[in-house]
Structure formats: structure tokens, C-alpha cells
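Work through the exercises below with the sequence and the model at hand. Try each task before you read its solution.

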Amino acid sequence: MLLEKILQSQGFGSRKYCQQLIKNGYVSIDGEVADDLKKQFSSENLEFSLFGETYQYREKVYLALKKPKGFECSHQPHHHQSVFSLLPEIMIQRGVQAIGRLDQDTTGLLLLTDDGKYLQALTHPRKHVPKVYHVTTIDPVTPEQIEMLSQGVSLHQEKGLFAATDVAILETHQLTMTIHQGVYHQVKRMIAAVGNKVEALHRHQVGQLVLPELEDGEWVYLSEQQKQLAQNII
């Protein structure tokens, strides 16, 4: 593959701009300047340096980000900062998208990718990928509310009952619950349906993938195993 195509695929700009990077001697491979526009390279396990920083070629990227409060999962946010502002520009140029959305006031595990098939696999309604939330409530959590959430509740303008699994009280004002659907504001609406109100909401897990140890706003690449865990493949 031509080096200019490799750079373009990794989000470093237009093909013409990537050609200029190569011509100017800004790209190095194996410690040597790679300034030959006609030379072909194998992308397999390829590492290259640009402006002194080393990158690994990735056909697709899969990211886990610890979303802070006050960020919208949109490229065009309305009232808050975009969660994509937490990513480097090359990820934006690659067309990375959020896999599902978290409200601006919801924190925790957010997955992102530029792989459309992977995104579809995690978000298609028929997949029922479980998502674990830790919920802080305004009023104390009661055993009756836990039972109602487990049995299923009705949500306005939605068909059928919505039940959570693995519902348990963590503290007086905190519970954990797993949902398998993904309707609009589902957790908040379910908590409201049992007579309580969400004060804080944190997504702890997607599929079998638990939120990695990260600071707010930090992100990491997912390993192949972590990708499968997020799809609930174990």
C-alpha cells in the first residue's frame, strides 16, 4: 500500500496533504525517513513515526472512553461540549462514532469505533447486549422498587413491559441494574415508573466489558478480547 494511503486511512488528512508530509520528510519507518511516494508498504503490524510520535496502523479503531458529566455524544452538540472533543483530531477524521449514546449528565463507559459493522452488532435491537448501570436516586431505594424493576414496568408511549435483571441495592440511595433494550432515557424512566427519581447515572459495563481504570475523559484502545467482551461473546 502506498504510504500516502496509509496516512490518509489513519486520519492524518487528505491524500494531497499526506503526500506533502512524506515529501517534507516528516514520516519515518524503522528509524529511517520514508520520503519515496512510490514505495509500497505492508500495513500488517506497521509502525510509523510522524513529527516524532509513533503510531501503529489500525484498519479499524475500537475505543473505550470514561465519559465525564457535561458532554454530549454528538458531533454537533446543542448545550454542552461534544464528547468527541476528548479525542485526538485523527479520530474525528477517521469518522469515529459513539456506539449508542449517554445523556450529558450520565457518566461511565462509552464505546466508540469507525467500524460500522461492529457498531451495528452492539446497537441492533435484536442483539440485546446487556448494559449495567449504577443509579443514585433522590429517595431511598426500597425492596418494593427493586421487585418492580425486576418484574417489569410500563413506559409511556412504549409497547410492553421493561424489566431489568441483576437489580440490587448498593447503598440507601444507590442501586445497580442491567438493561437489555435501549429505549430513550430507559433507566431514568424505569426509576420514575417505580416512584423514585435519578440523581446520578453511571454506566459500569457493556456486555461483559467492565469500564477500564481510567480518569474522567481518558480513553484507551480495546484489545481483541475486550471487543468480544463488549459484544457479550465469552
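## Exercise 1: The largest core

Find the residues with the most contacts inside the largest nonpolar core, and work out where this core lies.

Solution. The structure is a predicted model. Start with the membership: the largest nonpolar core has 33 residues, and those that touch the most other members are L112, V135, M177 and M190. Next, list the elements that supply at least two residues each: the strands β5 (62-67), β9 (106-113), β10 (131-137), β14 (174-179) and β15 (198-206), together with the helices α5 (143-151) and α6 (186-193). Finally, compare with the domains: residues of this core come from both domain 2 (62-125 + 208-231) and domain 3 (131-206), so the core lies between the two.

## Exercise 2: Contacts of one core residue

Which residues does L112 touch, if those up to four places away in sequence are not counted?

Solution. Among the contacts of L112 are V61, Y62, L63 and L65. The list also holds F84, L87, V96, Q97, A98 and I99. Apart from the core just treated, there is a second, separate one of 16 residues, including I6, F12, C18 and L50.

## Exercise 3: Domains

Into which domains is the chain divided, and how far apart are the centres of domain 1 and domain 2?

Solution. The division gives domain 1 (3-56), domain 2 (62-125 + 208-231) and domain 3 (131-206). Between the C-alpha centres of domain 1 and domain 2 the distance is 27 Å.

## Exercise 4: A residue in a helix

Is I22 buried or exposed? Place I22 in its element and list its contacts.

Solution. First, locate the residue: I22 belongs to helix α2, which covers residues 15-23. Second, apply the cut-off: a residue counts as buried under 20% relative accessible area. The value for I22 is 1%, so I22 is buried. Third, leave out residues up to four places away in sequence; I22 then touches L3, E4, L7, V27, A34, D35, D36 and L37. Last, take the pair I22 and S49: 27 residues separate them in sequence, and their C-alpha atoms are 11 Å apart in space.

## Exercise 5: A strand and its partners

How many bridges does β10 form with β14, and how many with β15?

Solution. With β14, β10 pairs in the antiparallel sense over six bridges. Here K131 stands opposite I179 of β14. With β15, the pairing of β10 is antiparallel over seven bridges, and H202 in β15 is the bridge partner of H134. As for exposure, β10 is mostly covered, with six of its seven residues buried.

Key: Residues numbered from 1 in each chain as written. Predicted model: local features only at pLDDT ≥ 70, side-chain atom pairs only at ≥ 80, totals over all residues. Heavy atoms only, no water. Core = buried A, V, L, I, M, F, W, Y, C linked by side-chain atoms within 4.5 Å. Buried < 20%, exposed > 50% of the residue type's maximum accessible area, 1.4 Å probe, protein only. Helix = DSSP H or I, 4+ residues; strand = E, 2+ residues; numbered from the N terminus. Domains from an automatic or database assignment. Contact = heavy atoms within 4.5 Å. Pairing = 2+ DSSP bridges.
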